[in-house]
Amino acid sequence: VLILWHGNIDSLPLAYGAGYAAGLVHLAVGASLWRVPKSAPSLRAVLRNIGELYLANQSGAVGSLVDRHVQSYVPAGGVGAINYAAQIVNTLSAVLSFREVFIVPLAQQEDRDVRLERLVCGLALVSVPISALVICFAPDIVTVLLEHGRFDQAATALTSAVLQINALSLPIAAVSTPMFRMFQIVDRIHLTHVKYLISAVSLAVFGYLFVGILDLGVRGVAWMQVSSAVVGFALLMHLVGRCGIQVRWLRVARYFLFAYAVAGAAYLAGVLGASSFENSWVR
């Protein structure tokens, strides 16, 4: 769609629509919906589950509204820096979700606690070094990806500062994804509302603290988002336990500490190794 019609911004939603339509056709053909097995759940149960999940996802919009409200108090250039940094971090978070392939093993009831614990430990070992890499080379990453046209050095410096702060949330986002999906696996979708609403409240509180009281501006928005992610992770730890899934968090903490220790050493080595190069592409 975009190759044929790219003269107007209206082509963008058309491209998304065409892509989703193609995906729907592909899934419908592969799902063999016309072959309903005798053991299939009733249509009422399926619709109830879909309705609960839909309403739960809509409650997530509350947090987005609070986030955008806080961002309205920073200059226009600051909003751009926040969103550019968010694009980079969200892309890395999507990669670290591994297309949520973990849903299949976690759906098995046997040793579900052990599976989730091993998954969280593994994600910690993967995501913490990536977070350290982004923090170490944030200015160079932004320069290579974004510094052209009207995106000047001042915009690069501001976006880099926001990116370094937001990168701290990468490990949290990585390990939170499988924990969050547990609500669907164990059919406790109502807990999704709790997670979203508490996140919205924490965004409002930290936004008032960092942007309103401390007047940190763009960096305050970044710290608000990271702090809210920490609160959300702590809440997920509690809610997953309420679902009957017991994770040995002290063991998980040891993996995190090990990953941070190694990533810290790698950070120092990276800074020293790249210090002799001035060009961002070379670095």
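**Exercise 1. How many disulfides does the structure hold?**

Solution. Begin with the criterion, which counts a disulfide as a pair of cysteine sulfur atoms within 2.5 Å. Before applying it, keep in mind that this is a predicted model, in which local features need pLDDT of at least 70 and side-chain atom pairs count only at pLDDT 80 or more, while totals for chains, interfaces and linings use all residues. Residues are numbered from 1 along each chain as its sequence is written, and side-chain values use heavy atoms, with hydrogens and water left out.

Next, take Cys121: the closest cysteine sulfur belongs to Cys243 and lies 19 Å from that of Cys121, which is too far for a bond. The structure therefore holds zero disulfides. As for their surroundings, Cys121 is buried at 3% relative accessibility, and Cys243 is likewise buried, with a relative accessible area of 13%; here buried means under 20% relative accessible area, exposed over 50%, and partly exposed in between, with a 1.4 Å probe and protein chains only.

**Exercise 2. Describe the secondary structure and the overall dimensions of the chain.**

Solution. Helices (H or I, at least four residues) and strands (E, at least two) are taken as DSSP runs and numbered from the N terminus. On that basis the chain has ten helices and zero strands, and the pattern read along the sequence is α-α-α-α-α-α-α-α-α-α.

For the dimensions, the C-alpha trace spans about 65 × 55 × 40 Å along its principal axes. Of the 283 residues, 36% count as buried. The accessible surface, obtained by the Shrake-Rupley method with a 1.4 Å probe and, for residues, with only the protein chains shown counting as cover, comes to about 17000 Å², and carbon and sulfur atoms account for 66% of that surface.

Finally, consider contacts, defined as heavy atoms within 4.5 Å: among those in the chain with a separation of 6 or more, 78% join residues 24 or more positions apart.

**Exercise 3. Characterise the aromatic pairs, and place two of them in the helices.**

Solution. Rings of Phe, Tyr and Trp (its six-membered ring) pair if their centres lie within 6.5 Å, and planes under 30 degrees apart count as stacked, over 60 as edge-to-face and the rest as tilted. By this rule there are six aromatic pairs. One of them joins Phe206 and Phe210, which are stacked at 6.1 Å centre to centre with 20 degrees between the planes. Both residues belong to helix α8 (residues 190-213), and because they are four residues apart, about one helical turn separates them. Phe210 is buried, its relative accessible area being 14%.

A second pair, Phe233 with Trp249, is edge-to-face, with 6.0 Å centre to centre and 85 degrees between the planes. Phe233 lies in helix α9 (residues 217-242) and Trp249 in helix α10 (residues 249-274), so this pair ties together parts that are 16 residues apart in sequence. Phe233 is buried at 16% relative accessible area, whereas Trp249 is partly exposed at 21%.

**Exercise 4. Compare the settings of Thr192 and Ile213, two residues of helix α8.**

Solution. Thr192 is buried, with 3% relative accessibility. Apart from neighbours within four places in sequence, Thr192 is in contact with Ala56, Phe180 and Phe183; Phe180 and Phe183 in turn form one aromatic cluster with Tyr196.

Ile213, by contrast, is exposed at 52% relative accessible area. Ile213 belongs to a nonpolar surface patch together with Leu168, Tyr208, Leu209, Leu214, Leu216 and Trp223, with about 650 Å² of accessible area together. Patches are made of residues with over 30% relative accessible area and no salt bridge, like charges being joined within 9 Å and nonpolar side chains (Val, Leu, Ile, Met, Phe, Trp, Tyr) within 5 Å; a salt bridge is a side-chain nitrogen of Lys or Arg within 4 Å of a carboxyl oxygen of Asp or Glu. The largest share of the patch, three residues, comes from α8.

**Exercise 5. Which residues do Val120 and Ala132 touch, beyond those up to four places away in sequence?**

Solution. Val120 lies in helix α5 (residues 112-146) and is buried, with a relative accessible area of 0%. With the sequence neighbours set aside, Val120 touches Val175, Met179, Trp249 and Val252. Ala132 also lies in helix α5 and is buried at 15% relative accessible area; under the same exclusion, Ala132 touches Ala263 and Tyr267.
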